[in-house]
Amino acid sequence: MAAHGPGRKVGQPRAKVDDPKKAMKTLKRLLGLIFRRYKLHMIFVFACIIISVLASVQGTLFIQTLFDDYISPMVIQKAGGGSPDFAPLMYAIARVAAFYLLGAAATFAQARIMIVVTQGTMRDLRNDIFRHMESLPIKYFDTHAHGDIMSIYTNDVDTLRQMVSQSMTQVFTSAITIVTVLASMFYLSVPLTLLTLVMVAVMLFVSKTLAGKSGKYFIAQQADLGKENGFIEEMMNGQKVVKVFNHEKKSAEEFTRLNDQLFDSAYNANKFANIIMPVNGQLGNLSYVLCAIVGSILAVSCNGVPVLALTLGSLVSFLTFNRSFTQPINQVSQQFNSIVMALAGADRIFALLDEKSEEDNGYVTLVNAEYRDGKLCETEKRTGMWAWKHTHQATGEVEYKPQRGDLVMDDVDFGYTDDKIVLHNIDLYAKPGQKIAFVGSTGAGKTTITNLINRFYDIQDGKIRYDGININKIKKADLRRSLGVVLQETSLFSETIMENIRYGRLDATDEEVIAAAKLANADSFIRQLPDGYNTVIKADGGNLSQGQRQMLAIARAAVADPPALILDEATSSIDTRTEKMVQESMDKLMKGRTTFVIAHRLSTVKNSDCIIVLDHGRIIERGTHDQLLEQKGTYYHLYTGKAG
């Protein structure tokens, strides 16, 4: 991008954690996303949880029945010399065992279904993120560190996986357990239940206090992790630069700073979070001891007193419920950490999903065309002739206009932000088939102009017309399809050379791909590779030279066969000998096409129909090579190297 481009942010802004409404809104949106796609699955899961909890509760209630209705009468019967009847006891135990088996089956079914829900949600979410990311404007990627975006796909999505697979079901299980156990405890003993609730209130107060201290640090941890990943990604991409300028120490110091920042947020988050469960565990033990003491007193001293009376079976069953009642509270407090981290991750995910997609209000499309009876018509076959299909909004009438590559910029102003204009009063025209070259110092605005032609950015003022059509009326996909681009920085993918060239036009045949490679003089070196055109490119072309990568980019543009071309330093990375080989092919590629060329090497633009000299976002000179030399202005000094 041009030097005037917007600055890149390393790391998403930290989510605001002191806003419960925002947290609830994020949670509601997350749950809505899950239930919208897996509603029946979740209903079945919750039914399984209820069955599992009820099976456990009835087993605990059976302890009272076991002591009071079976064991105690049998002991008395045996003491009186009678013979105990074990048949009713065996039947009751069998019934309880059947319920336990049903609960076990429900737990197994719940676990299996949650695997589908969890992994399905992660798959759908990644698809949503990627699809939306592909719809975002170039500006988003210019202003956000790529490593931080990657962190959303990995770290943030993974925190959601933990929440969906564990925390969500655990919280619901705990809620159902608390309700059913509380009802059972009131049924067994009102005084002991009230005592338990007092201890629970203490536990909740402690959990809330500690969770409040740790929550903000968990969200800070996610943001700091994104920053660190962004920095690592930048250092990996710029490792050669780091080593050339001996910046290893400086880079290590910066990484240490970011790593220490991550350590601080992670340490503070876990410092408070990790003591929630131990503290609540001890408070639970205290609750158990107090209930045992008070319950024993009630069982011994208050026999026959309404409400206070407690049998041995009721006491044993209640103490078991006491443990069951405090345990889910401990489990919920333990899951709080995962929930907070998941909400932090979800907040960053939704922030990306809420980014505004690239707007496209265009309705003029680019189609293959041919003449029938002297009239330009649309055709599905490739004819080498293109036309703009203009459907008039008012009448619905369809008009076809030949795509010729006639481009006009009329008094264009542009700034990446409204308060900082970087291009001023740009007026230029390119006639069909002309070669227009942009020259000037770094940051003059050369690449910015080509980005406006592509509508990577929209202008603040003025008009840009393409074949007489305002480019705002042309659908962006069709506008960009009409403009083949070869960038200074070549992007290759981990595919075969054949597929990398075919990326320019996915329906291109092998023969067309090979022809494009020959046009770019890439065929000879490709055939010398171990697998020829089937050689797999690694790590963005790491197994190819810079010149070879650039020739593949030129071949990719050639196979696209676009009506117009933008060459941004297309031969800057090719040595002089290779450049001469490619230049002839490039001239063939440019023949009949309007071409915009950005070049620092002025020898490559001598044959341009018009050379435009830019300085600080303004056009200061224009003309042919010879005309500009005669003027002895900026171009003359750039070309000759003579001081002005």
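This passage describes the nonpolar cores, selected helices, sheets and cysteines of a predicted model.

The largest nonpolar core comprises 59 residues, and those with the most contacts inside it are Val-117, Ile-129, Leu-160 and Ile-349. At least two residues of this core are supplied by each of the helices α1 (20-37), α2 (39-79), α3 (87-135), α5 (146-188), α6 (190-237), α9 (276-301) and α10 (312-353). Helix α10 provides the largest share, with 14 residues. A second core, of 41 residues, lies apart from this one and has Val-513, Ile-514, Ala-516 and Leu-589 among its members. In soluble globular proteins, nonpolar side chains tend to be buried together.

The surroundings of Ile-129 illustrate the packing in the largest core. When residues up to four places away in sequence are not counted, Ile-129 touches Ile-152, Tyr-153, Val-157, Ile-349, Leu-352 and Leu-353. Of these partners, Ile-349 is itself listed with Ile-129 among the residues with the most contacts inside the core.

Helix α3 also contains Asp-124. This aspartate has a relative accessible area of 14%, and because the limit for a buried residue is under 20%, Asp-124 counts as buried. Leaving aside neighbours within four places in sequence, Asp-124 is in contact with Arg-37 and Tyr-38. Arg-37 is the last residue of helix α1, as the range 20-37 shows.

Helix α16 spans residues 546-560. At 1.5 Å a residue, its 15 residues should span 21 Å, and the end C-alpha atoms are 22 Å apart, in agreement with that expectation. Of the 15 residues of α16, 13 are buried, and the helix is therefore largely enclosed by the rest of the structure. Asp-561 follows α16 and has a positive phi, near 50 degrees.

Two open sheets of four strands were examined. In one of them, the strand order is β2-β1-β3-β4 and the pairing is antiparallel. Strands β2 (375-378) and β4 (398-402) form the edges, each pairing on one side only. On average, neighbouring strands of this sheet are turned by 50 degrees against each other, direction ignored. Strand β1, residues 365-372, is joined to β2 by four bridges, and the two run antiparallel. Within this part of the sheet, Arg-372 stands opposite Lys-375 in β2.

The other sheet has the order β6-β5-β8-β9, again with antiparallel pairing. Its edges are occupied by β6 (423-430) and β9 (469-470); each has a single partner strand, so one side of each is left without a neighbour in the sheet. Five bridges connect β5 (residues 407-414) with β8 (residues 461-466), and these strands run antiparallel. Asp-413 stands opposite Asp-461 in β8. Helix α11, residues 446-453, packs on this sheet and touches β5, β6 and β8. The direction of α11 makes about 115 degrees with that of β5.

Finally, the cysteines were considered. The structure holds zero disulfides. Cys-291 has 0% relative accessibility and counts as buried. Cys-377 likewise counts as buried, at 17% relative accessibility.

Conventions: Residues numbered from 1 in each chain as written. Predicted model: local features only at pLDDT ≥ 70, side-chain atom pairs only at ≥ 80, totals over all residues. Heavy atoms only, no water. Core = buried A, V, L, I, M, F, W, Y, C linked by side-chain atoms within 4.5 Å. Buried < 20%, exposed > 50% of the residue type's maximum accessible area, 1.4 Å probe, protein only. Contact = heavy atoms within 4.5 Å. Expected span 1.5 Å × (residues − 1). Pairing = 2+ DSSP bridges. Axes fitted to C-alpha atoms, helices over the stretch in contact; angles between N-to-C directions. Disulfide = S-S within 2.5 Å.
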